[in-house]
Amino acid sequence: MQDFLEARLAERRAQQLYRYHKLLTAAPGPLAVVDGRELVTFSSNDYLGLATHPEVIAAQQRGAALGAGATASHLVNGHFEIHQQLQNKIAEVTGREAALLFGSGYMANVGVISALVGRGDVVVQDKLNHASLIDGGRISGADYLRFAHNDVAALEIQLQRAREKRDGKILLAVDGVYSMDGDTAPLAEMAGLCKQYDAWLMVDEAHGFGVMGSNHFPCAGSAAAAGLDQDTAPIIMGTLGKAAGNAGAFVAGSRALIDYLTQFARTYIYTTGMSPAVAAGNLHALELMQELPLRETLNARIRYFRQRAAAYSLPLENSTSAIQPLLLGCEKTVLAVSEQLQQSGFLVGAIRPPTVPAGTARLRITLSAAHSEAQIDGLLSALATALQSVAVPV
Ligand code: PMP
């Protein structure tokens with residue numbers, strides 16, 4: 001066994017695809033201490049700066065008085081009043097009848113898909129869907145059809161195929177905002193096709209929840225921003241580890257959907273419940289999302305970043321979300337630029353295959369309401385210098 005493990009690890013290193021942990025000491029706002037040096041972080045998903053908000057931390061500390069852990073699964077004796085309050089708050093914020101908590105977004109996606117579809121059904125997915133949606137589809141045993149990224153015509157062909165092939169259920173699962181590209185799915189068109197082909201739409205709001213929405217539900221996510229509601233986007237999954245700055249996840253939808261998942265989602269049933277302290281921190285974070293103008297600040301930072309990056313002629317992608325990737329293609333180049341940025345005081349993720357398709361390695365720059373304009377200016381100037389030194393044309 002040892003030989004096998006070492007050979008595979010050596011192969012990864014030779015491909016420049018080996019991944020390392022960075023040992024962080026947390027610091028307030030968008031700062032992190034790495035190897036004793038304070039860096040400005042442009043690689044976290046803490047889009048609203050809530051992870052280190054003093055009020056959230058205080059709420060989580062108070063919540064710990066209820067117990068450090070839930071001590072059992074939600075259906076045994078791990079479900080506290082604070083969990084119920086958090087579920088009610090999520091339902092309120094997302095404009096859905098009910099919500100159910102999961103340990104993580106990964107577990108939620110796997111649990112929901114495998115509870116809703118199985119053999120004899122079809123799950124249709126965008127080619128760039130998150131790994132957890134893909135794994136949920138695999139585990140479910142349903143037939144698996146994919147379509148080219150955000151291509152509505154290609155999606156329709158797959159829905160037609162699915163309908164011709166089967167009388168069973170069809171589930172269309174997509175990311176609302178793509179985690180490595182930052183672009184959004186054409187959800188209104190997709191919902192129209194779901195109606196036409198009698199398919200169920202599931203939207204992964206990992207990167208939409210808390211940062212986009214409608215006038216009525218400003219934090220609900222990308223489905224609300226596209227004008228969809230509980231009827232047209234019946235299944236939404238959001239994680240609490242990104243804009244909420246914490247951990248855990250939820251599914252929101254009709255009362256019947258939530259009752260069904262409570263009975264049939266194995267990743268809900270057979271695992272320890274969310275810690276009450278985490279639930280208390282999340283509840284306070286959601287209240288702050290509703291009360292404070294954090295989304296407005298984030299949007300101002302995104303606009304500022306894009307304007308200034310254009311002035312530096314940096315090759316931007318078509319993203320208006322907090323995720324602003326810079327596609328460099330080659331793994332070596334991405335690593336070199338990311339290392340140079342770190343030397344200059346900035347932490348930016350170097351994203352390589354298999355997380356993204358071969359030949360599309362990229363820097364994944366993420367913005368937060370906690371960033372100042374000066375920090376964004378600093379990053380862009382360091383980036384322009386780093387790109388020049390590794391001879392990437394700007
Ligand atoms: N879906 C998407 C689109 C994601 O980006 C992520 C996190 N990388 C997840 C699901 C999983 O969420 P969690 O981190 O809560 O497991």
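The questions and answers below concern a predicted model and its domains, annotated positions and selected residues. Residues are numbered from 1 along each chain as its sequence is written. Local features need pLDDT of at least 70 and side-chain atom pairs count only at pLDDT 80 or more, while totals for chains, interfaces and linings use all residues.

User: How far apart do the C-alpha centres of domain 1 and domain 2 lie?
Analyst: The bounds, which come from an automatic or database domain assignment, give domain 1 as 15-44 + 293-389 and domain 2 as 54-291. Between the two, 15 residues of domain 1 are in contact with eleven residues of domain 2, contact meaning C-beta atoms, placed from the backbone, within 7 Å. The C-alpha centres of these domains are separated by 27 Å.

User: What is the largest C-alpha distance among the positions that UniProt lists for "binding site"?
Analyst: The unreviewed UniProt entry lists G105, Y106, S179, H207 and T239, given in the numbering used here, with feature names shortened and annotations that may be inferred rather than shown by experiment. Although these positions are spread over 135 residues of sequence, they cluster in space, and their largest C-alpha distance is 13.4 Å.

User: Is S179 buried or exposed?
Analyst: A residue is buried if 20 or more other C-beta atoms, placed from the backbone, lie within 10 Å of its own, exposed if 12 or fewer, and partly exposed in between. S179 touches H130, A206, H207 and I323, not counting residues up to four places away in sequence. Because 23 other C-beta atoms lie within 10 Å, S179 is buried.
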